[in-house]
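Please open the model in a viewer and keep the sequence at hand. The tour below proposes a series of selections and states what is found at each.

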Amino acid sequence: METTTLGAAGAPATTTAAPDGVRDGSRDARAPGWSVGVDVGGTKVLAVLLDPEGRVVRSHRAPTVPGPDGLLDAVTTATRSLTVAHGLPLERLAGVGIGVPGVVDPVTGTVEHAVNVGVASPFALAAAASAVLGARTPVRVENDLNAAVLGAAHAVPDPDHPGDARDLAFLALGTGVAAGLLLGGSLRRGTHRAAGEIGHLTLVPGGLSCTCGQRGCAEQYASGSAIDAAWPSPDGRPAPAVLFEAAAAGDPDAVRVRDRYAWAVGACVRVLVLTCDVDRVVVGGGVSGVGEPLLAAVRAALDAEAAASPFLASLRLADRVRLAPAGVPVGAVGAALVGRGEVV
Ligand SMILES: [Zn+2]
């Protein structure tokens, strides 16, 4: 079942029922705890409707329209599309959560420095969205990586700690590199909301220039952009997929670029484990679409270092790395958890 609406720019937006989550909305609409999560990215907006048991029952995607008006329209359109398609009155929602790539004040719901989505000066997104949707619909806003780490904790089972709060990092490998941190079951935002900005730790002294003004930042070696630069795609396919396929086929240059990339990602994992001793580092972002070959390369890099260091070996870094589950939009799911008040 699919309904099609128009996004703010006239581009098509789609609302789709999850394959195993279609149900009679009128019956389940009475249950508490439904929520909508909206993950706003630089190119697309992905939203989900989460049922009270935490399952994705519908999703909606639309292109990102930069600027405060585009952001507001994306959130309200997605929320209405998902609830209408499921026969769920807005007032049944426990809340709407929004993950935004920028500096977010989760108390006031204000967003700023979200340059990738065209918001520079402070914008009271939660208040604006609540005014459009109706004051009875709580709207909460969170940094996108904070939302993603909540979504990852929800989506990646931990057999050792079922249902428990735990220590987990979400490492996003996309245009940049940064991590969301869940420590002792609570989000670690930091005094200036800059916790997890590990992409700007120096990895190669005197190395490549970074947009932050430093040289040799991890982001210049471990991001998707780094692969784009080192191994440009010849045919429009994602560069990471092209690189890893070439390496698997035995191209020695590709093997060298892949292994250097995996070393850089491994260094990010090492930083997260050595600073926070997280149980798991869940790797997401665009590069994670490579899947198992990425995981294998990163684990191999970590194992090689562990072979030379009993200390690192004792920390079992390779065992702690996981891939974000394919097909689960952890950012949107985490935003939905934020929306229903699971902010910790
Ligand atoms: Zn930097």
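Begin with the contact between two helices of this predicted model. Select Leu71, Leu72, Val75, Thr76 and Thr79 in H2, then add Leu125, Ala128, Ala129, Val132 and Leu133 in H3, which they meet. Sorted by class, the residues of the contact of H2 with H3 comprise 8 nonpolar and 2 polar ones, with no charged residues.

Now display both helices in full: H2 covers residues 68–85 and H3 covers residues 125–133. Their axes lie 10 Å apart and the packing angle is about 45°. This angle makes H2 oblique to H3. The crossing in which H2 passes H3 is right-handed.

**Strands E7, E8 and E9**

Next, select the open sheet of 3 strands, whose order is E7-E8-E9 and whose pairing is antiparallel. Which strands stand at the edges? They are E7 and strand E9 (123–124); each has a single partner strand, so one side of each is left without a neighbour in the sheet.

Within this sheet, E7 and E8 run antiparallel and are joined by 3 bridges. To locate one of these pairs, select Val104, whose bridge partner in E8 is Val111.

Proceed to Thr108, in the loop between strand E7 (103–105) and strand E8 (110–112). Is Thr108 buried or exposed? Thr108 has 13 other C-beta atoms within 10 Å and is therefore partly exposed; the exposed class ends at 12 or fewer such atoms, and the buried class starts at 20 or more. Then add Val141 to the selection: Thr108 and Val141 are 33 residues apart along the chain, and their C-alpha atoms are separated by 8.5 Å.

**Strands E3, E4 and E5**

Select strand E4, residues 44–50. Of its 7 residues, 6 are buried, so E4 is largely enclosed by the rest of the structure.

Add strand E3 (residues 34–40), which runs antiparallel to E4 and is joined to E4 by 6 bridges. One position to highlight is Ser35, which stands opposite Leu50 in E4. The connection from E3 to E4 is a hairpin through 3 residues.

Then add strand E5 (residues 56–63), which pairs with E4 in the antiparallel sense over 7 bridges. Highlight Lys44 and its bridge partner in E5, Pro63. Between E4 and E5 there is a hairpin with 5 residues between the strands. Within that turn, select Gly54, which has a positive phi of about 85°.

**The sheet of 5 strands**

Move to the open sheet of 5 strands, in the order E13-E12-E11-E14-E15 and with mixed pairing. Strand E13 (186–187) and strand E15 (321–323) stand at its edges; each has a single partner strand, so one side of each is left without a neighbour in the sheet.

A useful residue to select here is Ala172. On one side, Ala172 stands opposite Gly284 in E14; Ala172 also stands opposite Ala178 in E12. The pairing of strand E11 (residues 168–173) with strand E14 (residues 280–284) is parallel and extends over 5 bridges. By contrast, E11 and E12 run antiparallel, joined by 6 bridges, and a hairpin through 3 residues connects them.

Now select strand E12, residues 177–183. Because 6 of its 7 residues are buried, E12 is largely enclosed by the rest of the structure. E12 continues to E13 through a hairpin with 2 residues between the strands, and Gly184 in the turn has a positive phi of about 60°. The two strands pair in the antiparallel sense over 2 bridges. Leu182 and Leu187 in E13 stand opposite each other.

**Helices H7 and H8**

For the last stop, select helix H7 (residues 239–248) and helix H8 (residues 252–276). At what angle do H7 and H8 pack? The angle is about 120°, and the axes are 7 Å apart. H7 and H8 are therefore oblique to each other, and H7 passes H8 in a left-handed crossing.

To see the contact itself, display Leu243, Phe244, Ala246 and Ala247 of H7 together with Ala254, Val255, Val257 and Arg258 of H8. By class, the contact of H7 with H8 has 7 nonpolar residues, no polar ones and 1 charged residue.

Terms used. Residues numbered from 1 in each chain as written. Predicted model: local features only at pLDDT ≥ 70, side-chain atom pairs only at ≥ 80, totals over all residues. Helix = DSSP H or I, 4+ residues; strand = E, 2+ residues; numbered from the N terminus. Axes fitted to C-alpha atoms, helices over the stretch in contact; angles between N-to-C directions. Parallel < 35°, antiparallel > 145°, perpendicular 65-115°, else oblique. Left-handed = near helix turned anticlockwise from the far one by under 90°. Contact = placed C-beta atoms within 7 Å. Nonpolar A, V, L, I, M, F, W, Y, C, P; charged D, E, K, R; others polar. Pairing = 2+ DSSP bridges.
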